[in-house]
Amino acid sequence: MAAAAVPGTLGTLQAGRARLVASCCVRLGPGWRLPGYLMGPRVAPAIWARGWAPAVGGSAPRRGYSSEVKTEDELRVRYLEEENRGIVVLGINRAYAKNSFSKNLIKMLSKAVDALKSDKKVRTIIVRSEVPGIFCAGADLKERVKMNPSEVGPFVSKIRAVINEIANLPVPTIAAIDGLALGGGLELALACDIRVAASSAKMGLVETKLAIIPGGGGTQRLPRAIGMSLAKELIFSARVLDGQEAKAVGLISHVLEQNQEGDAAYHKALDLAREFLPQGPVAMRVAKLAINQGMEVDLVTGLAIEEACYAQMNSEGSVRAGCLTGRIEDAETRTSGGQGQPSWPPSTQREPREARYGMFCLVRRD
């Protein structure tokens with residue numbers, strides 16, 4: 001029975017749930033088509049902001065980048081190559097202002113994110129600092145003091161919008177926190193899917209010390225990350241946590257002892273990004289979409305969203321014939337002596353695309 005035909009409160013709830021699931025399906029579209037921001041054309045180089053220089057290089061550097069990137073650039077974007085192809089690193093570089101958000105930096109971040117979200121070659125994005133001991137100190141208060149009262153609101157709104165854009169990126173995002181992450185800096189990290197930090201890092205939403213509140217999503221994302229009661233405690237007290245304390249409360253996923261170069265969190269983030277690379281790219285994006293959409297609704301609606309995403313990927317004409325069966329058979333052949341003991345690791349020989357991507361081997365409908 002259609003939801004609209006069910007009388008009373010139950011019908012209203014079912015209709016609302018149907019609209020939410022329909023909205024998710026609309027974002028996927030017919031066939032296996034994904035949201036527009038996943039399938040849109042690549043942004044032309046002309047859209048890249050002045051002072052925002054993407055660089056192509058080899059394996060990940062340990063601190064600093066090649067001479068292709070000007071030292072005065074406040075945002076450095078690096079497309080990694082070779083075994084790291086598909087990983088993009090966003091490096092904030094405002095040493096003189098502790099990587100705080102200025103109008104110019106926010107503009108460059110917005111341009112960068114706009115380009116990355118429609119680039120299908122991007123598989124994972126790492127957000128890090130180019131400045132030792134600092135991740136991001138939040139808004140540039142020196143610049144803010146010089147603003148007219150009428151400029152403050154729009155400036156904070158732009159910071160919030162950029163952080164939201166990062167949260168809505170279709171691919172996995174990792175915040176590598178190797179130093180101070182306060183106020184908007186922690187809000188930037190909270191917008192990423194995964195956070196890793198050095199034990200020496202410092203993190204906190206300290207706005208109440210300034211008689212204001214977090215304005216970049218902190219009051220919403222921190223409770224979702226660590227729970228409402230503890231989030232209130234940290235915001236009310238403006239408490240600053242180190243890496244070990246942040247790991248204990250669930251604010252970060254991994255904590256590491258800092259290395260001599262000061263980039264231990266970045267190298268852990270790079271290791272995680274490498275783990276993601278072999279997985280089906282479309283499956284990764286749809287999984288993120290299903291998780292993000294489902295976390296905002298009740299369990300029943302969330303399961304319906306998952307079902308819609310799964311069905312979309314498994315729809316007729318979207319999956320190569322026998323793909324899932326082939327993956328199962330491939331796993332069975334990797335047992336020793338037929339005793340059910342897997343002979344892992346598998347051969348280093350590159351598998352066919354169908355086997356590597358399993359059931360999420362998608363093809364376009366011509």
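The paragraphs below lead from the chain as a whole to its cores, its strands, one helix and two loop residues. The structure is a predicted model, and the description keeps to what can be computed from that model.

Taken as a whole, the protein chain contains 14 helices and 13 strands. Of its 366 residues, 47% are buried, and the chain exposes about 18500 Å², of which carbon and sulfur atoms supply 56%. Among the contacts in the chain with a separation of 6 or more, 68% are made by residues 24 or more positions apart.

The interior can be approached through the nonpolar cores. In soluble globular proteins, nonpolar side chains tend to be buried together. Here the largest nonpolar core has 52 residues, and those with the most contacts inside it are Phe135, Ile177, Met203, Leu222 and Leu251. Helix 5, which spans residues 149-167, gives this core its largest share, namely eight residues. Another core, of 15 residues, lies apart from it and includes Ile87, Ile126, Leu272 and Leu277.

Strands 2, 3 and 4 can be followed one after another. Strand 2 covers residues 75-79, and five of its five residues are buried, so this strand is largely enclosed by the rest of the structure. In a regular strand the side chains alternate between the two faces of the sheet. In strand 2, Leu75, Val77 and Tyr79 point one way while Arg76 and Arg78 point the other way, and all of them are buried. Strand 2 runs antiparallel to strand 3 (residues 87-92), to which five bridges join it, and within this pairing Leu75 stands opposite Ile92 of strand 3.

Strand 3 repeats the theme of burial: six of its six residues are buried, so strand 3 too is largely enclosed by the rest of the structure. Ile87, Val89 and Gly91 point one way from the strand, whereas Val88, Leu90 and Ile92 point the other way, and all are buried. With strand 4 the pairing of strand 3 is parallel and extends over six bridges, and Val88 is found opposite Ile125 of strand 4.

Just before strand 4 in the sequence there is a loop to consider, since Ser118 is found between helix 3 (103-116) and strand 4 (124-129). Although it belongs to a loop, Ser118 has a relative accessibility of 9% and therefore counts as buried. A polar atom of the Ser118 side chain lies 3.5 Å from the backbone oxygen of Asp114.

A further sheet, open and made of four strands, has the order 5-7-9-10 and mixed pairing. Strand 5 (134-136) and strand 10 stand at its edges with a single partner strand each, so one side of each is left without a neighbour in the sheet. Strand 5 pairs with strand 7 (residues 180-182) in the parallel sense over two bridges, and Cys136 stands opposite Ala181 of strand 7.

The loop leading into strand 7 from strand 6 (173-177) holds Gly179, which counts as buried because its relative accessibility is 5%. Leaving aside neighbours within four places in sequence, Gly179 is in contact with Gly133, Ile134, Phe135, Ala201 and Lys202; of these, Phe135 has already appeared among the residues with the most contacts inside the largest core. Gly179 and Ala265 are 86 residues apart in sequence, yet their C-alpha atoms are 9.3 Å apart in space.

Helix 8, formed by residues 228-237, offers a view of two sides of one element. Ala231, Leu234 and Ile235 are buried in this helix, and, seen down the helix axis, its buried residues fall within an arc of 95°, so they line one face of the helix. On the other side of helix 8, Ser229 and Phe236 are exposed. The buried residues of helix 8 pack against helix 7 (218-226) and strand 10 (241-242), and strand 10 is one of the edge strands of the four-stranded sheet described above. Helix 8 is followed by Ala238, whose phi is positive, near 55°.

Note on methods. Residues are numbered from 1 along each chain as its sequence is written. This is a predicted model: local features need pLDDT of at least 70, side-chain atom pairs count only at pLDDT 80 or more; totals for chains, interfaces and linings use all residues. Side-chain values use heavy atoms; hydrogens and water are left out. Buried means under 20% relative accessible area, exposed over 50%, partly exposed in between (1.4 Å probe, protein chains only). The arc is that of the directions from the helix axis to the C-beta atoms. Contact means heavy atoms within 4.5 Å. Accessible areas come from the Shrake-Rupley method with a 1.4 Å probe; for residues, only the protein chains shown count as cover. A nonpolar core is a set of buried Ala, Val, Leu, Ile, Met, Phe, Trp, Tyr and Cys residues joined through side-chain atoms within 4.5 Å. Two strands pair if DSSP finds at least two bridges between them. A polar contact is a pair of N or O atoms within 3.5 Å; within protein, one must be able to donate a hydrogen and the other to accept it, and residues adjacent in sequence count only if both atoms are side-chain atoms.
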